[in-house]
There are 2 protein chains.
Amino acid sequence: MTKNENKKILEIDGIKLSSVYSGMYNKKRLDLSIMEINQNAVVTGVFTKNKAKSDTINISQKNLKITNPKYIIVNSGNANAGTGANGYKDIMNYINDFSKKTNCPKNKILVFSTGVIGERIKVTNIKNSILKLLSNLKSDSWINFSKSILTTDTKKKLISKKVKIMDQNINITGVTKGSGMINPNMATMLSFVATDIKIKKMSLSKILKRLTDISYNMISVDGETSTNDASLLIATGSNQIDYEKLSLRDKDLFYKSLEEVYIYLAKEIIMDGEGATKFVTINIKNSSSVKESKNIAMSIANSPLVKTALFAEDPNWGRILSAIGNAETKFKDLSKIKISLGKFLVFKNNEIYKNYSEKKCKKYLKNKNIEINIDCSNGKHCSTAWTTDLSYEYIKINADYRT
Amino acid sequence: MTKNENKKILEIDGIKLSSVYSGMYNKKRLDLSIMEINQNAVVTGVFTKNKAKSDTINISQKNLKITNPKYIIVNSGNANAGTGANGYKDIMNYINDFSKKTNCPKNKILVFSTGVIGERIKVTNIKNSILKLLSNLKSDSWINFSKSILTTDTKKKLISKKVKIMDQNINITGVTKGSGMINPNMATMLSFVATDIKIKKMSLSKILKRLTDISYNMISVDGETSTNDASLLIATGSNQIDYEKLSLRDKDLFYKSLEEVYIYLAKEIIMDGEGATKFVTINIKNSSSVKESKNIAMSIANSPLVKTALFAEDPNWGRILSAIGNAETKFKDLSKIKISLGKFLVFKNNEIYKNYSEKKCKKYLKNKNIEINIDCSNGKHCSTAWTTDLSYEYIKINADYRT
């Protein structure tokens, strides 16, 4: 994906957006958005598995099971999690108001929140902003939308992609906001991707599940899942292209474009780490199963020991070896495993590679982009995970978050 | 357990120890020990589940299955892990030599190593030290033994305990070395506890398993398991007391004394963190099962977000709530959960406690010893875990370890 492609954000026929400053923050910034979705659209989502989840997630999950939404309301500045029965009442309060003002059934409204946990949300601020939001719906407001959902993120994260199938253009536009290791606490991961293809909900759900597994699920770097994580995939059906009638090759072409969008957005989250000094790609190949390759990749990606060594630019491969050994895998020993830092082989035949050069590896680790490559010599499956190093800054950001 | 009890280290009839400087480190310090165990003794162990485990562990596990050991050889300064076929040969080389010099069958020798991973061990140094070690075996050498197994630990960790059963004294002495979060990398956890009671191997194994679950397994703070972790429990049988013939009450009395030893040693590991500014006790009560209570305790103990907040002395209870929500539990929501910082209730009925005082909690978190108390209101089971905060020092220690 070139930088150029990245710059031009495409409208998605069937989607309109609107953002305002509602007063969630002391500082004046966009903090509340709505998205209006046409009635032919199909919407699917994946949500946090955290049991302390915000009622925004519970309500949205329930509504999404019943019908496709017409409106999505998203705010930053307050997660509305850990707020109990009052938090639920607050949400229903502004949903009711929104429903009246739009004449839209309540179950066709989804709500998402990100920000501080445990504090009551400013319902009045939301209600006071609804008419302004509704009067300003535009299809070219993706950038403002992407800004309004940010919390501790340092930059907006969005991308568009055009794919030509049967001589017609299909547009895809996606936005996300940071999470996990990068800007943790309740720094929820939110993601909204829209396309104008026509597709059945079942097919769309399968695609989202598959894409989540290789993108957002491969970056949850400190193993923490927020109370508010949500990822929506929307297909407006405004295009003439019917996914269900496409050839396998064209289906794959569409899938690959979406895949590029999801992986780009997932990597953007990793790259936006104030604490991060390295961008680390972990490639696992020749594993006996996809699950095994993922377990190995995430065991390395989540290892504080590997991550502090990367921060120190120290080729301490023993920590990588130990992280592999801690992963849930089928193999009994690591004798077939090969570990490389970039192109430099460091471990083979259960011992340090005979031509291993500490000097070359140290030099390699001075790069900002680091690859850790693991060859399992045990099958055909592969996975890739992305992570950062673990730096002093990480501690600082997390220790300072509320103060 | 008073400080006084702690000071006096008791000999265990049937155990002799000997330690030397063999040259594993550049700095002159004790780095190699042997323990001689009498022939009536029963020995049981638990070992790392890391698949990249050192062959010292593989060999010791195999030998321990066949027979009770007469000798244990332990070195610091080199883990002999990630060293492949050569690493195995090195171990067998010094085991063979030791076997000849002592006329002890090879399978009655256990070996343990801790230190740098991936480097060949200095076999000659070990072999050259054997006669000196054998000539110096004494039953009062526990302190030197405990010093010789340290790596990045800042202080020795050992304790004795005397328990009177049927008018006879049973002695227990245990030593351990650091691990995990505290002084990570391959900073293996090694533990050797000996008592003079007479007991069947089966009973001893059950006791060790049970004690490990509530002590060492509740402190593995960064979720990393080393390649060399080992914990041995030795019963020499030199005493007149036969565990199998004791009343349930007396069995329990003995168990409780051992429990105190194990929990003391586990806490010593946590307290020995150069990076740690807090000692954190996490108590889970009224859980539906022991497993659930452990999952919750360890989810909090392993959360970098909770740990950075503790470092910042910030009562950011939302992070604790989220960590509970991420634990594998039976409950569907957290509405019954109560969270307290020390005696200060902060979360109840799914929302912030009405009398919550941020000021009081901030003041409480300035203490070095912090308690996080979780009431699940969901059953009768409980667990306790111990951890530290996550500080700048942690990053420094781990980034600097090899340099």
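This passage walks through a predicted model of two chains, from the overall build of chain A to the way the chains meet.

It helps to begin with chain A as a whole. Chain A holds 12 helices and 15 strands. Along the principal axes, its C-alpha atoms fill a box of roughly 70 × 55 × 40 Å. A compact globule of 403 residues would have a radius of gyration near 22 Å, and the 22 Å of chain A agrees with that expectation. Of these 403 residues, 58% count as buried. The contacts also reach far along the sequence: among those in chain A with a separation of 6 or more, 80% are between residues 24 or more positions apart.

Two elements of chain A give a good view of its covered parts. The first to consider is strand S4 (residues 71-78) of chain A, which is mostly covered, with 8 of its 8 residues buried. S4(A) has strand S2 (residues 32-37) of chain A as an antiparallel partner, and 5 bridges join the two. A reader tracing this pairing can look for Ser33(A), which stands opposite Val74(A) in S4(A).

The other element is helix H9 (304-311) of chain A. All of H9(A) is covered in this sense: 8 of its 8 residues are buried, so the helix is largely enclosed by the rest of the structure. The buried residues run from Pro304(A), Leu305(A), Val306(A) and Lys307(A) through Thr308(A), Ala309(A), Leu310(A) and Phe311(A). Just after H9(A) comes Glu313(A), with a positive phi of about 55°. This residue takes that positive value although it is not a glycine, and its place is in the loop between H9 and H10 of chain A. Glu313(A) has 19 C-beta neighbours inside 10 Å and therefore counts as partly exposed; 20 or more would be needed for a residue to be buried.

A second residue with an unglycine-like backbone is Asp167(A), where phi is near 65°, again a positive value in a residue other than glycine. Asp167(A) lies in the loop between strand S6 (157-165) and strand S7 (168-177) of chain A. Its surroundings hold 6 C-beta neighbours inside 10 Å, so Asp167(A) counts as exposed.

Turning to chain B, an open sheet is a useful landmark. Five strands make up this sheet, in the order S3-S9-S8-S7-S6 (chain B), with mixed pairing. Strand S3 (42-47) and strand S6 (157-165) of chain B stand at its edges; each has a single partner strand, so one side of each is left without a neighbour in the sheet. From one strand to the next, the twist averages 10°. At one end of that order, S3(B) pairs with strand S9 (residues 230-235) of chain B in the antiparallel sense, over 6 bridges. Within this pair, Thr44(B) has Leu233(B) of S9(B) as its bridge partner.

Helices pack on this sheet as well. Helix H2 (residues 55-66) of chain B touches S3 and S9 of chain B, and its direction makes about 140° with that of S3(B). Helix H7 (residues 248-271) of chain B also packs on the sheet, where it touches S6, strand S7 (168-176) and strand S8 (190-195) of chain B. The direction of H7(B) makes about 170° with that of S6(B).

Finally, how do the two chains sit together? A rotation of 180°, with 0.0 Å of shift along its axis, superposes chain A on chain B with an RMSD of 0.0 Å. This is the relation of a two-fold axis. The residue of chain A that comes closest to the rotation axis is Tyr392(A), at 2.9 Å for its C-alpha.

The contact between the chains takes 55 residues from chain A and 54 residues from chain B. On the chain A side, at least two residues each come from helix H3 (84-102), helix H9 (304-311), helix H10 (317-326), strand S13 (351-352) and helix H12 (392-400). H10(A) gives the largest share of that side, 8 residues. By character, the residues of the chain A side divide into 20 nonpolar, 24 polar and 11 charged. Of the interface residues of chain A, 98% are also interface residues in chain B, so the copies meet through the same surface.

Key:
Residues numbered from 1 in each chain as written. Chains lettered and ligands numbered in written order. Predicted model: local features only at pLDDT ≥ 70, side-chain atom pairs only at ≥ 80, totals over all residues. Contact = placed C-beta atoms within 7 Å. Helix = DSSP H or I, 4+ residues; strand = E, 2+ residues; numbered from the N terminus. Nonpolar A, V, L, I, M, F, W, Y, C, P; charged D, E, K, R; others polar. Pairing = 2+ DSSP bridges. Axes fitted to C-alpha atoms, helices over the stretch in contact; angles between N-to-C directions. Buried ≥ 20, exposed ≤ 12 C-beta atoms within 10 Å, placed from the backbone. Least-squares fit on C-alpha atoms with pLDDT ≥ 70 in both. Rg over C-alpha atoms; globule rule 2.2 N^0.38 Å.
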